[in-house]
Structure formats: C-alpha cells, structure tokens
Amino acid sequence: MIEFQNVYKSFKDKHVLEDINFTVNDGEFVCLIGPSGCGKTTALKMINRLIKPSQGTIYVNGKDISEENEIELRRNIGYVIQQTGLFPHMTVKENIELIPKLKNKNDKHLLEKVKDVLNMVGLDPDEYLDKYPVQMSGGQQQRVGVARAFASEPDIILMDEPFSALDPITRNQLQDELLTLQNSVQKTIVFVTHDMAEAIKLADRICIMSGGKIQQYDTPEQILKHPANDFVLNFVGKKRIWDSPELIKAADIMIDRPITCYDRLKCVKALNMMFNSSVDSLMVIDRQGHFKGVIHAADAADEKNKDEIVGHVMQKECITVSSQESIVDVLNITKEKNMYTIPVVDDGILKGLITKSTLVTTLSKKYDESEGE
Ligand SMILES: Nc1ncnc2c1ncn2[C@@H]1O[C@H](COP(=O)(O)OP(=O)(O)OP(=O)(O)O)[C@@H](O)[C@H]1O
Ligand SMILES: [Mg+2]
C-alpha cells in the first residue's frame, strides 16, 4: 500500500504540490493524470524517493519511507519511464538482470526469469536476449522497459508515461498486454499519463491533478458520471462517457419511480390510474415490492376484463434487466425483441423502468450540439 499524507513540495519558492493525500491499495492500478507541469512526475518520484517532500509523509506498506534505506526501497519498486531508461551499452538480458542481480547475486534461475518476463511482454527471448536497445524499435524497447520493471518481482511498479512516445497501435497493444499482465500478477501500479482514454482503459482509480492539487480521485466510472468540479468536467470532456458506453448502467437512465399497482386491483381502476398519469401500462408489484408483471391499457380496457383483477389479466412473462446492466445490453434487447419498455429488477424487486423516451433522451445527449466539448 502507498499512502500520501499532507504532502507538499516546493522547488525554491515555487509550490508544485500542495497538501496531497491519497492511498493506493495493494494490487490496485492507479493512473495519475493532469495537464503538463501539474506535478505528476514529482508525485511519482516521491514514492521511490528520487524526490523528497518539503513537508508531509509517504508510507509504503505502512512504513514512513523517509526512515527507510532508499536503495532497499527502490529494489522493491519497479520504475518505467517514457525514454525507457535502458542502458544503451548493455544487451536486453543484461538490462533486465541488473536489479534482480543486486537483490540476489547467485540466483540460478535468473536466466529463466529473464526469459519469462520477455515472454510476458511478447518478445521472443531467443531473438532479443542479446540485442542492444538501438537494434530495436521504440515499442520493443518499451516492452523491455516493462519487462525489466517486473523482473525483480517488486510489489510496486511506477510508470511515467511509458507508452506516450509510441504510435497508437503499438500503444494499444502494450496497454492490452499490461492489463493481461496485471490480471495475473496483481502488482500495485502507479501510472502517469496525459491520455484520458488510456487512464479509463487501465485504471482501477484515476487521480486527476491540476495546480498541484488533487481534483478528483475515483473510479473511471464515477469520474465520467460525477465529475467533482468544472475542471474535471472540462478535462474529461462532457461526452467522454460515450467512448465507454458500457459504463452507463440501467440504473443511470431508468425512471426511478415507475407507476405501479397491486395485482388485486380491478382493471377499471388500473385503467383510470393510467389515464390520470398519461401512461399506457402499469408495473404490477406485491406489497414487498416484488415485480409481478405488466398491465397494458389495451388489456385492461378490454370489455371482457372489466371486472377482472389486474393479476389475472397482466402480462406475466416479461423481459427484465438488472440495474447494473449496461445501456449497450439494454439497446441490444430492444433491438432483438423489438420492445421498448423494460422493467429494471434486482433480486425480484422492481427498481425502475426503462422506456423508449428514457432511451431516446439518453442517446440524444450524445449528439446534443449545445453540450459540445
Ligand atoms: N528539479 C526541479 N527544479 C525546479 N522545478 C521543478 C523541478 N522538477 C519539476 N519542477 C517543476 O515542478 C512542476 C511540476 O513538474 P512535474 O515534472 O512533476 O510535472 P508533470 O505533471 O509530470 O508534467 P508533464 O506532464 O509535462 O510531465 C513544473 O512546473 C516543473 O517545472
Ligand atoms: Mg511528467
């Protein structure tokens, strides 16, 4: 775990970080993002003590790092930077071995480990072990940088815009590989980036900084849906959520309190309720709020049903969705089943209703010019 407590940093009289407080949990992937010069690299370098705070305390695994041996500290923290930081006069093998060797001189399995990490980042060891950095492309060098950070099996990995110099395709590939890698090894990762799409894709939580302060620290979903202030809103972009529509959940768009009735109600009364609220169906529930079915105006108005109770006339077989279903799935249902009124039900309880008009309202936000970024 990494913890910043009231951390300040000034270079001479320039305040770069002010009262920074945040925690990165074990196994968590956190992205630091913000405009150039906002202090991301400074914050990152404080974790491995390349920069010392002017004030405040940083804890790694519960220990105040200012009281720790910095060489020891760094051996347990992998570090990847944009320019790879590979030593040009060393081969790939020598570059990767460097830190593990410092940790354990006589590791008989070292070569295997080096091969393992190379395989992990998608480089064939037979081809690349003895190559020098200049003999490789930028993307390949960056892969070696990542392999090197993982090779010493640190708990924590710090990455400072590791993929920003790469072309979009290579960058995407490396992001995917890093995610796969992270799924299997679960390191604690702090990753600096300029790129919001990258942060949304990679991070469990995103820390948005500006002016030396944290503006918001939350999951990508929360940041997209509930930006803490105007800075975050503008930085993220109002329509960014449409790049990740799977983050929009039924709960976000549904009508919270659809009009309901009990199954013992007479159809004429149900019809009256519909008339008064200008709807053409009612959700039928029991006293505990369990969803029972839908009564449609056409059925309630049928002459033969006039004296029947709703429970006998309602449609019982209904397609429902859970509140956590994404809008993408909801739209697929509307398309496949050609139906636009979908009750939202969790554990049998009616939570809300999605209608054609909620969908249209939601989707139109994507195209609303007045909301342009
Ligand atoms: N050693 C230093 N001496 C003086 N000022 C510094 C030093 N290092 C950083 N700064 C200043 O601190 C501020 C924050 O720098 P930092 O490198 O942390 O920004 P950043 O958010 O990583 O920016 P970028 O996105 O451009 O990498 C900048 O204004 C920078 O000029
Ligand atoms: Mg930086």
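This tour moves from the whole chain to one helix and then to single residues that may be selected in turn.

**The whole protein**

Begin with the entire model, which is predicted rather than experimental. Displayed as a cartoon, the protein shows 16 helices and 15 strands. The C-alpha trace spans about 90 × 50 × 40 Å along its principal axes. The radius of gyration is 28 Å, whereas a compact globule of 373 residues would have one near 21 Å.

Next, switch to a surface view. The accessible surface comes to about 19,000 Å², and carbon and sulfur atoms account for 48% of that area. Of the 373 residues, 45% are buried. Among contacts between residues at least 6 apart in sequence, 63% join residues at least 24 apart. If the charged residues are coloured, there are 45 positive and 55 negative charges to find, and the mean positions of the two sets lie 2 Å apart.

**Helix H15**

Select residues 327-337, which form helix H15. Which residues of this helix are buried? They include Ile327, Val330, Ile333 and Thr334. These residues cover an arc of only 115 degrees around the axis, and therefore lie on the same side of H15. An α-helix has 3.6 residues a turn, so residues three or four places apart point the same way.

Now turn to the face of H15 directed away from the buried side, where the exposed residues Lys335 and Glu336 are carried. To view what covers the buried residues, add helix H11 (250-253), strand E14 (342-346), strand E15 (349-354) and helix H16 (356-367), which are among the covering elements. Just after H15 comes Asn338, with a positive phi near 55 degrees.

**Thr362 in helix H16**

Remain in this region and select Thr362, which is placed in helix H16. Is Thr362 buried or exposed? Its relative accessible area is 9%, so Thr362 is buried. Leaving aside residues up to four places away in sequence, Thr362 touches Trp242, Ile253 and Ile327. Ile327 was met above as one of the buried residues of H15.

**Glu97 in helix H3**

Move to residues 92-103, helix H3, and select Glu97. Glu97 has 7% relative accessibility and therefore counts as buried. Apart from residues up to four places away in sequence, Glu97 touches Leu110 and Val114.

**Gln141 in helix H6**

Helix H6, residues 138-151, contains the next stop, Gln141. With a relative accessible area of 19%, Gln141 is buried, because the cut-off for buried is under 20%. What does Gln141 touch, not counting residues up to four places away in sequence? The partners are Thr84, Leu86, Pro133, Val134 and Met136. Gly85 may be selected as well: its C-alpha atom is separated by 9.4 Å from that of Gln141, and the two residues are 56 residues apart along the chain.

**Two residues with positive phi**

The tour ends with two residues other than glycine that have a positive phi. Asp19 is located in strand E2, residues 14-24. The phi of Asp19 is near 50 degrees, a positive value. At 36% relative accessibility, Asp19 counts as partly exposed.

Finally, select Ser278 in the loop between helix H12 (267-277) and strand E12 (281-285). Phi of Ser278 is also positive, near 50 degrees. Ser278 counts as exposed, with 66% relative accessibility.

Terms used: Residues are numbered from 1 along each chain as its sequence is written. Chains are lettered from A and ligands numbered from 1 in the order in which they are written. This is a predicted model: local features need pLDDT of at least 70, side-chain atom pairs count only at pLDDT 80 or more; totals for chains, interfaces and linings use all residues. Side-chain values use heavy atoms; hydrogens and water are left out. Helices (H or I, at least four residues) and strands (E, at least two) are DSSP runs, numbered from the N terminus. The radius of gyration is taken over C-alpha atoms; the globule rule is 2.2 Å times the number of residues to the power 0.38. Buried means under 20% relative accessible area, exposed over 50%, partly exposed in between (1.4 Å probe, protein chains only). Contact means heavy atoms within 4.5 Å. Accessible areas come from the Shrake-Rupley method with a 1.4 Å probe; for residues, only the protein chains shown count as cover. Lys and Arg count as positive and Asp and Glu as negative; His and the chain ends are not counted. The place of a charge is taken as NZ of Lys, CZ of Arg, CG of Asp or CD of Glu. The arc is that of the directions from the helix axis to the C-beta atoms.
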